[in-house]
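Reader: Got a minute to go through this one with me? I'd like to start with the rings.
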Amino acid sequence: MHSGEPVADHAIGTARIVDTLNVDPPTHVAALLFPFGDLLDNADTVIAERFGDEVASLVADVRKLLRLRVGGRVGKDGTRESGKDVIKDGLRDNAKDARATAQRREQVEALRKMLLAFAQDIRVVLIRLASRLQTLRYHAATKTDPAPDIAQETLDIYAPLANRLGIWQLKWELEDLAFRFQQPVTYKQIAKLLDTKRVAREAFVESAIERLANELAAGGIKADVSGRPKHIYSIWKKMRGKDLEFSELYDVRAFRVIVDSVKDCYAVLGLVHNIWQPVPKEFDDYISRPKPNGYKSLHTVVIAEDGQAFEVQIRTHDMHRFAEYGVAAHWRYKEAGAKGYTGTVTSEDKYDERIAWLRQLLAWKDDVTDGASGAEAGGGEHVGAWDQLKQATLDDHIYVLTPEARVIALPQGATPVDFAYHLHTELGHRCRGARVNGAMVPLNTALENGQTVEIVAIKQGGPSRDWLNPQLGYLQSPRARQKVRVWFNAIETGEHIAAGRALVEKTLQREGKTAVNLDELATRLGFKTPDDLFNVVGKEEFSLRTVEQAVRDHGAPPVAEAEPEIATKRSSQSSVAQGASSGVLVVGVGALMTQLARCCRPAPPDPIVGFVTRGKGVSIHRAECASFARLAQRSPERVLHTAWSDDVMRGKGHSVYPVDLMIEATDRQGLLRDISEVFAREKTNVIGVKTSTQRNAAFMQFTVEVSSAAQLQRATSLLGEIPGVVRASRKG
């Protein structure tokens, strides 16, 4: 074993511990076999053939949990390389502020849940708890120190799990042994403060229980009396949680009395105070005044014959079930520190309910010794407790890891896209691929517990509309789906604002009011900002006639104050990609707004024609454009004769024109770099790229800005000379 303990000794010790939990035979066999897994070739097959599939499955799952704990990467020779320890990194407490501490606590809780979710069969968790306890016992017996992370990991993960599952006999020993190795000085100090040894304290509790039971029987009160001495870690935790000195603790020795009715609770209280001297200030009646979380019980502190104080808790069976399995579950305040001791911690999710149900199953399991029928076992509700435990699932989430070993909780069926959006909204938007356990997977792959997920993202970009299609299965998280909707809503809003601004500015230009203050105009029309006005205009929800009327009736609103000019470096050329009319003449019409069509992207000296659009002026097409041919056939009356201006045809213009270049090539490494170098040498600006690959062929479309046909021809000629390029030509 990694601890240095002989494998056979660890196997026997683990099996003995799980036997104290009254486990079924397959669990006992699996506890004996799992330590030998690393010593066998093809262990899963060998164990399945010799001991059956059920035992083999248990052994395999326990070994998965062991690998999860170790977390180091396995080298080619099978040895573990020094890597990031999954749980150790997740628990490393380097927090120096409240926020970091809160994040660490969230990670600890996620790791606890992940441990249970990772083991689909709860018996695997029982074996893992027993194995950890055996490791600590070995180090205690041999007086050797465990690995540095073992003690903290036990206190953060394994002891709380044993506590939640109600396995007290493992919980207190895990805590005490881990605390002994983690803080040996403090452990010894508390041990010295205890005036009696644990054996003596246990003997006192047993005698006190016997005495009280006899008194209750004599009084005709039916009750269950139980108790045990408080262990050292619990004493230290309560001293820290309630800010008490050791001398102020009254429940170092304590026991509990459970009766049938509230009336019996107070009767027992009278008997206890009659037998031992009460401490008046240490009496709490949580029955008449329950805690905020609904907890009910009587708590009293009395002085024993030896002069030492001890605590007695008295409650009914219903109160006890509520405290153990309900929203006031014992582990809730035990793990909440000072806040928990006030009773202010309550259940907030279904996880608590599932823990309570599982603990009830474990309690039923203790009543069923041989899988007998309900009548033979003493009640039909106990039938098949082990069968239910085998199928018990505690959570409706999955738990996956980032490459830095941070645990992320996601809904069942979550995908890498859900994972990316959980980490950061921008990462989700730019997500284009994912590696799961080092292998590339499709983005709609359902993730599983314990997988390590790494997102491949582009520098800039947005989500795909396909992600919102539920049939394609890209998103399972409502939160992630909402983020995608917000992104597309923002894009649509931006487009509406841009379109609305163009329409409003065109209206003001037509009215000769281009110098108006847009803020004043928006306010006059009942909008908070100009963008609000542009948005409704762009969505055609607000009439431009209202804008015209507002300008005509009230005159030009005040001119906005001129902002100081900021010197910026600008190109000497202006692009006409967005609809500038420079360089285009419409025969018989002057000062008419024109824009270059994106379908064919005309550029000088292409023969051109115009088509009158609704609200966007004249759209300029190449004469052979197929889209224009269809438009002209439907509405021939909207066709206009157009031509390039003389300055443009002579090359005296200072405008550039967007054109589409199509490249077909054999895909290879460095192809895109070579193409980019051609554009850079020719000083050709690229404003858009679309690429796709089919088998070994690459198909690319580049939208570039050119000032002349000669520049375009020279660029296509040079692109055609690049190794691997089959064809380079202008689109259309």
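Reader: Which residues form one aromatic cluster with Trp276?
Author: Phe255 and Phe310. This is a predicted model, so every value here is computed from it.

Reader: How many aromatic pairs does the count come to?
Author: Eight. One of them is Phe527 with Phe542.

Reader: What is the geometry of that Phe527 and Phe542 pair?
Author: Edge-to-face. The centres are 5.3 Å apart, and the planes are at 80°. The angle counts as edge-to-face because it is over 60 degrees.

Reader: Where do Phe527 and Phe542 sit in the chain?
Author: In two loops, 15 residues apart. Phe527 is in the loop between helix H23 (518-524) and helix H24 (530-538). Phe542 is in the loop between H24 and helix H25 (544-554). The pair links distant parts of the chain.

Reader: Buried or exposed, Phe527 and Phe542?
Author: Both are buried.

Reader: That second loop, between H24 and H25. Which residue there has a positive phi?
Author: Glu540. Its phi is near 60°, and Glu540 is not a glycine. Most residues other than glycine have a negative phi.

Reader: Is Glu540 buried or exposed?
Author: Exposed, at 74% relative accessible area. The cut-off for exposed is over 50%, so Glu540 qualifies.

Reader: Back to rings for a second. Which charged ends sit over one?
Author: Lys291 has its charged end over the ring of Tyr286, 4.9 Å from the centre. Arg180 does likewise over Phe181, at 6.0 Å.

Reader: New topic, cysteines. How many disulfides?
Author: Zero.

Reader: Why no bond for Cys600?
Author: The closest cysteine sulfur is in Cys625, 3.7 Å away. That is too far, because a disulfide needs the two sulfur atoms within 2.5 Å.

Reader: And which cysteine sulfur is nearest to Cys625?
Author: That of Cys599, 3.6 Å away. Cys625 is in no disulfide.

Reader: Cys600 and Cys625, buried or exposed?
Author: Buried. Cys600 has a relative accessible area of 10%. Cys625 is at 8%. Buried means under 20%, so both count.

Reader: What about Arg601, what is its phi?
Author: Positive, about 45°, although Arg601 is not a glycine. Arg601 is in the loop between strand E14 (594-596) and strand E15 (608-612). Arg601 is buried, with a relative accessible area of 16%.

Reader: Where is there a cis peptide bond?
Author: Between Pro604 and Pro605, with omega about 5°. Pro605 is in the loop between E14 and E15 too. Most peptide bonds are trans.

Reader: Let's do the interior. Which residues in the largest nonpolar core touch the most other members?
Author: Val59, Ile127, Leu129, Ile167, Leu170 and Leu174. The core has 47 residues.

Reader: Which elements give two or more residues to this core?
Author: Helices H1 (7-19), H2 (25-33), H4 (53-70), H7 (122-142), H8 (148-164), H9 (168-182), H10 (184-193) and H12 (232-241). H7 gives the largest share, ten residues.

Reader: What is Leu170 in contact with, sequence neighbours aside?
Author: Ile17, Leu21, Leu129, Ala130 and Leu133, leaving aside neighbours within four places in sequence.

Reader: What other core lies apart from the largest one?
Author: One of 28 residues. Among them are Ile608, Trp644, Ile663 and Phe702. In soluble globular proteins, nonpolar side chains tend to be buried together.

Reader: Now Glu173. Where is it found?
Author: In helix H9. Glu173 counts as buried, at 17% relative accessibility.

Reader: What does Glu173 contact beyond its sequence neighbours?
Author: Leu133 and Arg137, leaving aside neighbours within four places. Arg137 is 36 residues away along the chain, with the C-alpha atoms separated by 9.1 Å.

Reader: Zoom out. How many helices and strands?
Author: The protein chain has 29 helices and 21 strands. Of its 732 residues, 46% count as buried.

Reader: And what share of contacts join residues at least 24 apart?
Author: 65%, among contacts between residues at least 6 apart in sequence.

Reader: Last one. What does the accessible surface come to?
Author: About 38900 Å² for the protein chain. Carbon and sulfur atoms account for 49% of that.

Notes. Residues are numbered from 1 along each chain as its sequence is written. This is a predicted model: local features need pLDDT of at least 70, side-chain atom pairs count only at pLDDT 80 or more; totals for chains, interfaces and linings use all residues. Side-chain values use heavy atoms; hydrogens and water are left out. Rings of Phe, Tyr and Trp (its six-membered ring) pair if their centres lie within 6.5 Å; planes under 30 degrees apart count as stacked, over 60 as edge-to-face and the rest as tilted. Helices (H or I, at least four residues) and strands (E, at least two) are DSSP runs, numbered from the N terminus. Buried means under 20% relative accessible area, exposed over 50%, partly exposed in between (1.4 Å probe, protein chains only). A charge sits over a ring if NZ of Lys or CZ of Arg is within 6 Å of the ring centre and within 35 degrees of the ring normal. A nonpolar core is a set of buried Ala, Val, Leu, Ile, Met, Phe, Trp, Tyr and Cys residues joined through side-chain atoms within 4.5 Å. Contact means heavy atoms within 4.5 Å. Accessible areas come from the Shrake-Rupley method with a 1.4 Å probe; for residues, only the protein chains shown count as cover.
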